[in-house]
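The exercises below are meant to be worked through with the sequence and the model side by side. Please try each task before reading its solution.

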Amino acid sequence: MQRRQPAHTKRPFEAVVQEHGGTVLRVCRAVVGLHDADDAWSETFLAALQAYGALPADANLEAWLVTIAHRKCIDFIRSSNRRALPVDEPPERPSKIGIPGDNQAELLNAVGQLPPKQRQAVAYHYLAGLPYRDVASLLGGTPDAARRAGSDGVKALRSMLRDEPESERALLVHSTAVTTSSVPASAKGEIR
């Protein structure tokens, strides 16, 4: 008995890549540019490899691959708005966050000496910028209690830090708590 050979047999995927890889790369370069074309090409053939087994043997491979490449290029264009752009040198900006060892050791040590509720209220409101409503939900209480704990914590910090010379003093300044003229307006809301 003679076996019948199917009219269309699938070629190995490697042969498909060799035959249509150049076309797909040209499409990717035209749509996403040179920088992302290689990545889009790779993504195209990874997706094609996963779907190749279910593709009919008589399908138009070039059209199928260009369709996949088109969709992958659209994904790259959409994601480009969410990716960081590489630059030669990042801009120099002073940090506005409290980094240990950044001339804030006295303040951080003083905050560490506060009772737990005051320490947390100060950290969450003055250092993290959360409103007292959110601080209260974290601490378990009312916004008024959180505001009182924060106020008491700042008052305790000022008395702890009052004995240090002005040049070494670390002040916790908040725009609603500033009443002294010794603190410049630009320092409101940050640690100095």
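Buried means under 20% relative accessible area, exposed over 50%, and partly exposed in between, using a 1.4 Å probe and protein chains only. This is a predicted model, in which local features need pLDDT of at least 70 and side-chain atom pairs count only at pLDDT 80 or more, while totals for chains, interfaces and linings use all residues. Residues are numbered from 1 along each chain as its sequence is written, and side-chain values use heavy atoms, with hydrogens and water left out.

**Exercise 1. The chain as a whole**

Task: Find how many helices and strands the chain has, and what percentage of its residues is buried.

Solution. Begin with the definition of the elements: helices (H or I, at least four residues) and strands (E, at least two) are DSSP runs, numbered from the N terminus. Counted in this way, the chain has 7 helices and 0 strands, and the order of elements from the N terminus reads α-α-α-α-α-α-α. Next, turn to burial, where 28% of the 192 residues in the chain are buried. Finally, consider contacts, meaning heavy atoms within 4.5 Å: of those in the chain with a separation of 6 or more, 53% are between residues 24 or more positions apart.

**Exercise 2. The cores**

Task: Identify which elements give two or more residues to the largest nonpolar core.

Solution. A nonpolar core is a set of buried Ala, Val, Leu, Ile, Met, Phe, Trp, Tyr and Cys residues joined through side-chain atoms within 4.5 Å. The largest one here has 18 residues, and those with the most contacts inside it are C28, Y52, W64 and L65. Two or more residues come from each of α1 (13-32), α2 (34-52) and α3 (61-80), with α3 giving the largest share, 7 residues. Apart from this core lies another, of 16 residues, including L107, L114, A121 and V135. In soluble globular proteins, nonpolar side chains tend to be buried together. To look at one residue in detail, take L65, which, leaving aside neighbours within four places in sequence, is in contact with V16, H20, V24, T44, F45 and A48.

**Exercise 3. How α1 meets α3**

Task: Describe the crossing of α1 and α3 by angle and distance, and then place I77 in it.

Solution. Two packed helices are described by the angle between their axes and the distance between the axes. Axes are lines fitted to C-alpha atoms, for helices over the stretch in contact, and angles run from 0 to 180 degrees between N-to-C directions. For α1 and α3, the axes come within 9 Å and cross at roughly 35°. The residues in contact are V16, H20, T23, V24, V27, C28, V31 and V32 of α1 and L61, E62, L65, V66, A69, C73, F76 and I77 of α3. By class, they divide into 13 nonpolar, 2 polar and 1 charged, where Ala, Val, Leu, Ile, Met, Phe, Trp, Tyr, Cys and Pro count as nonpolar, Asp, Glu, Lys and Arg as charged, and the others, Gly among them, as polar.

I77 of helix α3 counts as partly exposed because its relative accessibility is 43%. Residues up to four places away in sequence aside, I77 touches V31 and V32, and the C-alpha atoms of I77 and V31, 46 residues apart along the chain, are separated by 8.7 Å.

**Exercise 4. α6 and its two partners**

Task: Which description, oblique or roughly perpendicular, fits α6 with α5, and which fits α6 with α7?

Solution. Angles under 35 degrees count as roughly parallel, over 145 as roughly antiparallel, 65 to 115 as roughly perpendicular and the rest as oblique. Helix α5 and helix α6 (residues 132-139) pack at an angle of about 140°, with their axes 10 Å apart, and are therefore oblique to each other. Their contact is made by K117, Q120, A121, Y124, H125 and Y126 of α5 and Y132, V135, L138 and L139 of α6. For α6 and helix α7 (residues 143-161), the axes come within 8 Å and cross at roughly 95°, so α6 is roughly perpendicular to α7. That contact involves Y132, R133, V135 and A136 of α6 and P143, A146, R147 and G150 of α7.

**Exercise 5. Buried or exposed?**

Task: Decide whether Q118 is buried or exposed, and do likewise for P12.

Solution. Q118, in helix α5 (residues 116-127), has a relative accessibility of 17% and therefore counts as buried. P12, in the segment before α1, counts as exposed because its value is 57%.
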